[in-house]
Amino acid sequence: MGAAEPHVALLRGINVGGKNRLAMSDLRAYFEKAGALSVSTYIQSGNVVFTAAPRGASPVCEAVTGAIREHHGFEVPIVCQSGAALGSIVERCPFEATENVHVVFLSGKPAKAMVDRLERDRSPGDTFAVVGDVMYLHLPNGMARTKLSSVWIDTQLKVTSTARNWRTVTTLLGMCSA
């Protein structure tokens with residue numbers, strides 16, 4: 001099955017606005033029970049770095065989704081990336097890395113026709129680029145003021161998305177390298 005390598009699991013919508021509360025100690029335990037090794041979390045919003053065999057990461061994330069559903073009663077989409085893929089995502093960012101850059105991780109690569117139909121002027125001042133299974137956002141007025149919401153992205157691209165700011169993305173990459 002291959003040597004263990006680092007992966008990042010990005011959970012959508014936990015511990016946000018008092019909803020979908022989940023202790024990081026429980027989250028780490030679910031990953032460990034699912035077979036992940038060297039599990040660590042970053043901040044309280046569902047960022048998990050772990051090691052697993054290349055083909056083992058997806059089953060781990062599926063098991064964790066099931067454990068959260070069973071023990072907490074809510075669904076949590078998880079987007080999983082290998083540490084190597086996360087490195088490529090950082091390298092190919094089309095915007096200057098600042099606090100105004102966010103990375104939206106998509107559950108799959110959207111169809112080109114869907115990407116081509118996106119309203120480029122939906123949120124004046126904000127810009128975006130879709131590269132593979134990632135959408136990069138440059139939001140000069142911040143995430144709270146953009147009209148490029150997860151709901152809009154999911155609806156337009158027919159995917160599940162979860163966004164992280166640039167600092168979080170680069171911190172997770174560093175954790176993969178540690």
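This report describes how the helices and strands of one structure are arranged, beginning with a sheet and ending with a few individual residues. The structure is a predicted model, and the statements below should be read with that in mind.

**The sheet**

An open sheet of 4 strands, paired in the antiparallel sense, follows the order β2-β3-β1-β4. The two edge positions are taken by β2 (37-42) and β4, each of which has a single partner strand, so one side of each is left without a neighbour in the sheet. From one strand to the next, the twist averages 20°.

The pairing can be followed strand by strand. Strand β1 (residues 5-11) is joined to β4 over 5 bridges, in the antiparallel sense, and within this pairing Ala9 stands opposite Cys80 in β4. Strand β3 (residues 47-52) is joined to β2 by 4 bridges, and these two strands also run antiparallel. The bridge partner of Leu37 is Thr51 in β3, while Tyr42 has Asn47 in β3 as its bridge partner. Between the strands of this hairpin of β2 and β3 there are 4 residues, and Ile43 in the hairpin takes a positive phi near 50°.

Is strand β4 largely enclosed by the rest of the structure or left open? Of the 5 residues in β4 (residues 78-82), 4 are buried, so the strand is largely enclosed by the rest of the structure. Its place at an edge of the sheet, with a single partner strand, is therefore to be read together with the burial of 4 of its 5 residues.

**Helices against the sheet**

Two helices are described here by their contacts with the strands. Helix α2 packs on the sheet and touches β1, β3 and β4, and its direction makes about 155° with that of β4. Helix α6 (residues 166-177) lies across β1, β2 and β3, and it runs at about 160° to β2.

**Helices against each other**

Each of these two helices also packs against another helix, and the table sets out the two pairs.

| Helix pair | Angle | Axis separation | Handedness of crossing |
|---|---|---|---|
| α1 and α2 | about 130° | 9 Å apart | right-handed |
| α3 and α6 | roughly 140° | within 10 Å | left-handed |

Helix α1 (residues 24-33) and helix α2 (residues 57-72) pack at an angle of about 130°, and that makes α1 oblique to α2. On the α1 side, the residues that meet α2 are Asp26, Leu27, Tyr30 and Phe31, and on the α2 side they are Val60, Cys61, Val64, Ala67, Ile68, His71 and His72. By class, the residues of this contact divide into 8 nonpolar, 2 polar and 1 charged.

The axes of helix α3 (residues 83-91) and α6 cross at roughly 140°, which makes α3 oblique to α6. This contact is made by Gly83, Leu86, Gly87 and Val90 of α3 together with Trp166, Val169, Leu172, Leu173 and Cys176 of α6. The contact of α3 with α6 has 7 nonpolar and 2 polar residues, and no charged residues.

A residue of helix α6, Ser177, can be related to α3 as well. The C-alpha atoms of Ser177 and Gly87 are separated by 9.6 Å, although the two residues are 90 residues apart along the chain. Ser177 itself is exposed, with a relative accessible area of 62%.

**Helix α5 and what surrounds it**

Which residues of helix α5 (residues 150-157) are buried? They are Trp152, Ile153, Asp154 and Leu157. These buried residues pack against β5 (101-106), α4 (112-116), β6 (127-131), β7 (134-138) and β8 (161-165).

Helix α5 is followed by Lys158, whose phi is positive, near 60°, although Lys158 is not a glycine. Lys158 lies in the loop between α5 and β8, and at 59% relative accessibility it counts as exposed.

**A further residue with positive phi**

Asn20 is found in the loop between β1 and α1. Its phi is near 50°, a positive value in a residue other than glycine. Is Asn20 buried or partly exposed? With a relative accessibility of 27%, Asn20 counts as partly exposed.

Notes:
Residues are numbered from 1 along each chain as its sequence is written. This is a predicted model: local features need pLDDT of at least 70, side-chain atom pairs count only at pLDDT 80 or more; totals for chains, interfaces and linings use all residues. Side-chain values use heavy atoms; hydrogens and water are left out. Axes are lines fitted to C-alpha atoms, for helices over the stretch in contact, and angles run from 0 to 180 degrees between N-to-C directions. Angles under 35 degrees count as roughly parallel, over 145 as roughly antiparallel, 65 to 115 as roughly perpendicular and the rest as oblique. A crossing is left-handed if the near helix is turned anticlockwise from the far one by less than a right angle, and right-handed if clockwise. Contact means heavy atoms within 4.5 Å. Ala, Val, Leu, Ile, Met, Phe, Trp, Tyr, Cys and Pro count as nonpolar, Asp, Glu, Lys and Arg as charged, and the others, Gly among them, as polar. Buried means under 20% relative accessible area, exposed over 50%, partly exposed in between (1.4 Å probe, protein chains only). Two strands pair if DSSP finds at least two bridges between them.
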